[in-house]
Amino acid sequence: GSVGIKVLSDVDDTLLSSGGHFPAGCDTSYPKGVVYPGCLQVYQCLENTSRTIGATSDDEPSCNLVFLSARPHVYKDFAEHKSYEMFKRLVSQGRLHSLPTLLPGKLASGIKAMLLYRFQGVSAWRNVGEDK
């Protein structure tokens with residue numbers, strides 16, 4: 001059988017800088033919404049490696065990139081829509097090699113973390129990360 005690589009990545013402070021805006025992230029080294037330099041090239045390199053070891057042929061579409069998000073699935077894909085629009089823009093600009101999959105977080109975990117943050121600080125978000 002084929003062997004391939006499935007790349008799992010976060011969005012905030014991994015693909016895009018949060019600019020330090022809570023609750024998305026804490027990195028202030030780049031402005032909010034900036035794609036980290038080299039990040040898209042790493043994804044492309046991993047995709048090329050996957051093709052080299054026989055996962056797919058060059059003419060087959062692939063979706064070996066999966067983003068994990070703490071943002072929960074809510075009414076009519078409200079949270080996912082913004083992410084997919086950004087992914088589509090990166091693909092149309094030729095910066096992202098294929099449209100990735102997005103796995104949303106759990107609503108209950110996010111609500112609980114927001115309520116407990118004042119008392120527990122960043123540790124309130126531990127379950128959100130574990131649920132990803």
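This report describes helix α3 and the two largest pockets of a predicted model.

**Helix α3**

Helix α3 covers residues 107-120, 14 residues in total. From its first C-alpha to its last it reaches 19 Å, close to the 20 Å expected at 1.5 Å a residue. The helix has a kink of about 35°, centred on methionine 114. Ser109, Gly110 and Ala113 of α3 are buried, and what covers the buried residues of α3 includes α4 (126-131). After α3 comes glycine 121, which has a positive phi, near 65°.

**Pockets**

The table sets out the two pockets.

| Pocket | Volume | Lining residues | Nonpolar | Polar | Charged |
|---|---|---|---|---|---|
| Largest | about 600 Å³ | 26 residues | 15 residues | five residues | six residues |
| Second largest | about 480 Å³ | 20 residues | ten residues | five residues | five residues |

In the largest pocket, the lining residues that lie nearest the centre are Pro23, Ala24, Ala70, Trp125 and Val128. The elements giving two or more residues to this lining are β2 (65-72), α3 and α4. Helix α3 therefore appears in this lining under the definition of helices as DSSP runs, and α4 also belongs to what covers the buried residues of α3.

In the second largest pocket, Asp12, Lys32, Arg71, Lys82 and Ser83 are the lining residues nearest the centre. Here the elements with two or more lining residues are β2 and α2 (78-92). Helix α2 gives the largest share of this lining, six residues. Strand β2 is thus listed for the second largest pocket as well as for the largest pocket.

Note on methods. Residues numbered from 1 in each chain as written. Predicted model: local features only at pLDDT ≥ 70, side-chain atom pairs only at ≥ 80, totals over all residues. Heavy atoms only, no water. Helix = DSSP H or I, 4+ residues; strand = E, 2+ residues; numbered from the N terminus. Expected span 1.5 Å × (residues − 1). Bend = angle between axes of the 7 residues up to and from the residue. Buried < 20%, exposed > 50% of the residue type's maximum accessible area, 1.4 Å probe, protein only. Contact = heavy atoms within 4.5 Å. 1 Å grid on protein atoms, 1.4 Å probe; cavity = no way out; pocket = protein on both sides within 12 Å on 5 of 7 lines; lining within 4 Å. Points joined across faces, edges and corners; volume = space filled by probe spheres on them. Nonpolar A, V, L, I, M, F, W, Y, C, P; charged D, E, K, R; others polar.
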